[in-house]
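Student: Could you go through this structure with me? I would like to see how each label is earned.

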Amino acid sequence: MAFASFLGRVLFASVFILSAYQEFNEFGVDGGPAAKALRPKFDAFTHHVHSQVGFQLSEIDTKLLIAGAIALKGLGGVLFILGSSFGALLLLLHQLIATPIVYDFYNYESEDKEFTQLFIKFTQNMAFFGALLFFIGMKNSIPKRQPKKAPKTKAY
């Protein structure tokens, strides 16, 4: 049973680790293709937040966003494989921040082809989010092993 659990964590975390590895290899001086793809989506997200909430997000370098995503996915994935709840929390944080920015289906009309593709990816990432919440919940529901107490000797 322990091997199956480990194998499941490896398969689950491999999505994050391989993604982080690819982004790391392509990073370069300007953040690589991930930064180029993220910039317009992040600008649209900040404009959307500002128009809906009235809160202006400060200017953030896209390279730093990509570097942060690489760190969260890489470190979180490795710790998750080892069974750490902290690793799951790092992956959860990544999903919470990145998913609504990268998969911005809300910026398209429902008849657009992009809407459907982005919405499907968004829901897949929400499934990852739910799986991470499930892992953390299960991890916290298992009682910690208590060392066995030696039986008390009766004094007569």
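Tutor: Let's take the labels in turn. This is a predicted model, in which local features need pLDDT of at least 70, side-chain atom pairs count only at pLDDT 80 or more, and totals for chains, interfaces and linings use all residues. Residues are numbered from 1 along each chain as its sequence is written, and side-chain values use heavy atoms, with hydrogens and water left out.

Student: How many helices and strands are there in the protein?

Tutor: The protein has 5 helices and 0 strands. Helices (H or I, at least four residues) and strands (E, at least two) are DSSP runs, numbered from the N terminus.

Student: What makes the protein more spread out than a compact globule?

Tutor: The globule rule is 2.2 Å times the number of residues to the power 0.38, and the radius of gyration is taken over C-alpha atoms. For 156 residues the rule gives 15 Å; the radius of gyration is 21 Å, well over that, so the protein is more spread out than a compact globule. Its C-alpha atoms fill a box of roughly 80 × 35 × 30 Å along the principal axes.

Student: How do you know that the span of helix 3 agrees with what is expected?

Tutor: The expected span is 1.5 Å times one less than the number of residues. For the 20 residues of helix 3 (residues 62–81) that is 28 Å, and the end C-alpha atoms are 28 Å apart, so the two agree.

Student: Why are Ile66 and Phe80 called buried?

Tutor: Buried means under 20% relative accessible area, with exposed over 50% and partly exposed in between (1.4 Å probe, protein chains only). Ile66 and Phe80 are among the residues of helix 3 that count as buried.
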